[in-house]
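Please read the following walk through one chain, from its overall build down to a single sheet.

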Amino acid sequence: MTFEDPKNGILIDSDFPCSSAGPVRVLDAGVYEVDYQREELPQWFQAVLDELFEGRGVPKEYMAHVRVRNTGDAPRRITLRFLLSDRGASYMYPPWWVHRDGGWSWIPPEDTAYDDANLTNDTTVDVNSGESIRIASAPYEAPDVVCEKARRLAQRSPVWTYREIGPTAQGRPIPVLETGPRPLKVLVEATMQSCEPVSWGIMHVAHWLTIPTMRARRLLDRVQFCLLPITNPDGVFQGHSVTNAAGEVPKFGINDLVEGNRPAPRETEAVWNYLLELRPDAEIEVHAHFTREGFTRSIGMQDRRSMPEALRAKAAVIEDALFANFHADPLDNRKVLIDPRKPEHNVYGDRHVSEKAGVIRTFLQAVPDSLESHAADVREAVETVSEALIQWTSDRKQEDA
């Protein structure tokens, strides 16, 4: 998509990686309406949503990302009115973001007007003559940038090794950072809902573990950390929210893959095979939700009562640690237990994750009101789960003594 307002020297486009926008039109002098990019779900998946969630369930079309260039000879102050999908609007609350030469930063609250009732978000920015900026609902990173960051860290630090799994339908790798083998294993995985950029927090954990402190050394001596900072690279490259480049829904493909109901997305197969190879004790699936003011964190795990008997004692220690850290009074973080015995929860594939891979799946829905707070969120979850596993091992040794 390319739109030009020659009278004011403003060029708006989505012809770059990770862009997401529909048609643009002029509303008033210096005010432009930007439609959202439509995203079609597979018919079978929409039927599942209709049956189990009355058409709701998984949000979609909650990604917006455009480039604005001022080709005129004077600075311009413009407003972009982004139209929001009714299926994704609740995930599009401010802050919204602007990318300039110095990287991503918030658009100030006074320059953002989110209208839930009318499904719009107005963002007002100053664009200097000759300047090119990007405006987005989240701080997106291109897949090749994420891979390069992970690769360079492994080259620089002996803590990490780098490898790739995949490829995706468009030939992109899924990068993996691994520390040395240990009896305990923790997998930190970016959600396959591609419009939730969590590579920032996961890579923060990777850098944190290279710091020469006793805390990091203690964790590295006991736990192998495996990090997947991006898992649906085609989806984010195409500006999709939940689908990949082939229009599939990777996050919800585990049941199909294991049960053979229909062909599974390549991303799902790559991550599932890695899960079976690694067989971590626990997995942390990281999300990034921009939600209403006052919403803090949503954290939870598969209900341990639905797991195989052999996992329940370990799961109980992890559950206690998560809930004690994130849900102790007076904290109002949202606590969620996924129970795959319920049809509306079975779509996530958690039953197969625990029964066939022996993994306790946990998840964090962080609120990235800044890159710094998002990084702190992810580190807090990783440290909580890792310490719980160490505690579980200690308890077992005491019981055996």
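How many helices and strands does the secondary structure of the chain come to? It comes to 11 helices and 19 strands, where helices (H or I, at least four residues) and strands (E, at least two) are DSSP runs numbered from the N terminus. This is a predicted model, in which local features need pLDDT of at least 70 and side-chain atom pairs count only at pLDDT 80 or more, while totals for chains, interfaces and linings use all residues. Residues are numbered from 1 along each chain as its sequence is written, and side-chain values use heavy atoms, with hydrogens and water left out.

The radius of gyration of the chain, taken over C-alpha atoms, is 22 Å, close to the 21 Å from the globule rule (2.2 Å times the number of residues to the power 0.38) for 401 residues, so the chain is as compact as a globular protein of that length. The C-alpha trace spans about 80 × 50 × 45 Å along its principal axes. Of the 401 residues, 59% count as buried, meaning under 20% relative accessible area with a 1.4 Å probe and protein chains only.

One open sheet has five strands in the order E3-E4-E6-E10-E9, with mixed pairing; two strands pair if DSSP finds at least two bridges between them. Strand E3 (24-28) and strand E9 (112-115) each have a single partner strand, so one side of each is left without a neighbour in the sheet. Within the sheet, E6 (residues 76-83) and E10 (residues 120-127) run antiparallel and are joined by eight bridges. Leu83 stands opposite Thr120 in E10.

Methods
Buried means under 20% relative accessible area, exposed over 50%, partly exposed in between (1.4 Å probe, protein chains only).
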